[in-house]
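The following exercises concern the packing of helices and the order of strands in one protein chain. Please work through each task with the structure in view before reading the solution.

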Amino acid sequence: MAHLTVDIGGRPGVDCRGFCEYCYFKHVGEVEPFGCRYCLPFKVGCDYCTRGVKEQYSGFKPLSAVADDTLAQLQMIGDDLSRITISGGGDPSCYPEFRDLVEILGSMGVPLHIGYTSGKGFDDPEIADFLIDNGLSEVSYTIFSADPELRRRYMHDPTPEASLAVLHHLCEKIDVYAAAVVIPGVNDGEDLEKTCAWLDDAGAKGLILMRFANTTDQGLILGNAPIIPGQQVESVEAFRDRITDLNSRFSLKISGTPLWDPDIGSPFAILREPDLLARLPRVRGKVSVVTGSVAAPFIQQVLDACGGGCRVVPVQKEIACLITIDDLAALDLADLEETVVLPGRSFVHDRQAAEVLGRDGTVRTVLRGPEMLTADAETSMGMRKEEVLQMELDGFAALIHLINQNG
């Protein structure tokens, strides 16, 4: 069964009725190309790590162009379609030809999924029935708060009552995974509890809570920190405790990013599965595994359970896939072996990494590990525990094989 993704294009902050106050892409500055796994060996920078990371698109694509792209994809798909996902850099609810697009895709008789929407483009609650009638089966919908005035203030939603009405009706009829960035002192505490209760009563399948980030170490790598000057940020540990508490008190599934999914035990649910840990290859090589500060202790525990001998070295950056060359430059080279494994999706050019990590005169071999070792909440929300554990089993097996072959 095949999955078709329909990209409508669009620009953050432009094709979404304006930036939300907390948007990751707000205040994006001019930054040098980062380098990444897609770059040519002799050149730092490619379309992905220069433009794509900023979602610098030219705007929404015309419906005719979207239709042509979709047709071209369909001609290359051999299997039957199981799902069609509408996505883009802009907000689908703000797409000028949204109704026409939905009708075209709905006529194919395949379940539709909207990968993300804020609902800010929904001014008429009637559109909920229109979407359901045309085959929408799943949507990821940012709520921020069930209080319309907070949506108006922080999301700049011109019609928050209508947006919430659409969300409520969709919750009653299809699979809805709500999302909210949690800003301390704004939509946390009592307001967050009311939002959870509102979604629970409506029938939402889940709620993904995202810890607000405001510094470079927390992941703002586009020269745009802070997003909200002076805004307090919750610690990772406190945020994890918040998720645990809320999930225990409501029937809908509540998980958080960067931590955690209480129902599945991810990220790194494999640590609670000794039988699966025993199935992983034993660690025989000796390398340094560089990763983000959140994942580092978990990865170290897994490798230690498989024989040990490798040191996991955290950088200041919390999230591994947002590591840049500046994070590597700040490492103490005395901590590193002659072979260094970087996260597969980190924004670092391999040649630059080797130069920076060899500035003490030691020639170090730099390798890229698997793209994913586990599932964050945004990934695991729609997954079964067995699927997450299989992802982790495959990811760590690949990492250990890489260690053993090169360490």
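**Exercise 1: A helix pair**

Task: determine which residues of helix 10 meet Phe396, Leu399, Ile400 and Ile403 in helix 14.

Solution. Ile299, Val302 and Leu303 are the residues of helix 10 that meet these four, where contact means heavy atoms within 4.5 Å. By class, this contact comprises seven nonpolar, no polar and no charged residues; Ala, Val, Leu, Ile, Met, Phe, Trp, Tyr, Cys and Pro count as nonpolar, Asp, Glu, Lys and Arg as charged, and the others, Gly among them, as polar. The model is predicted, so local features need pLDDT of at least 70 and side-chain atom pairs count only at pLDDT 80 or more, whereas totals for chains, interfaces and linings use all residues. Residues are numbered from 1 along each chain as its sequence is written, and side-chain values use heavy atoms, with hydrogens and water left out.

Next, the geometry. Two packed helices are described by the angle between their axes and the distance between the axes. Helix 10 (residues 296-305) and helix 14 (residues 385-406) pack at about 70°, with axes 12 Å apart. Helix 10 is therefore roughly perpendicular to helix 14 (65 to 115 degrees).

**Exercise 2: The sheet beneath helix 10**

Task: state which strands helix 10 lies across, and find the order of strands in their sheet.

Solution. Helix 10 lies across strand 8 and strand 9, running at about 175° to strand 9. Four strands form this open sheet in the order 9-8-10-11, with parallel pairing; two strands pair if DSSP finds at least two bridges between them. Strand 9 (311-314) and strand 11 (365-368) each have a single partner strand, so one side of each lacks a neighbour in the sheet. Strand 8 (residues 288-291) is joined to strand 9 by four bridges, and Thr291 has Pro314 in strand 9 as its bridge partner.

**Exercise 3: The seven-stranded sheet**

Task: in the open sheet of seven strands, identify the edge strands and follow the pairing of strand 3.

Solution. The order is 1-2-3-4-5-6-7, with parallel pairing. Strand 1 (2-7) and strand 7 (253-257) stand at the edges, because each has a single partner strand. Strand 3 (residues 112-117) pairs with strand 2 (residues 81-87) over three bridges, and His113 is the bridge partner of Thr85. Strand 3 also pairs with strand 4 over four bridges, with Leu112 opposite Leu136. Finally, five of the seven residues of strand 4 (residues 136-142) are buried (under 20% relative accessible area, 1.4 Å probe, protein chains only).

Terms used. Helices (H or I, at least four residues) and strands (E, at least two) are DSSP runs, numbered from the N terminus. Axes are lines fitted to C-alpha atoms, for helices over the stretch in contact, and angles run from 0 to 180 degrees between N-to-C directions. Angles under 35 degrees count as roughly parallel, over 145 as roughly antiparallel, 65 to 115 as roughly perpendicular and the rest as oblique. Buried means under 20% relative accessible area, exposed over 50%, partly exposed in between (1.4 Å probe, protein chains only).
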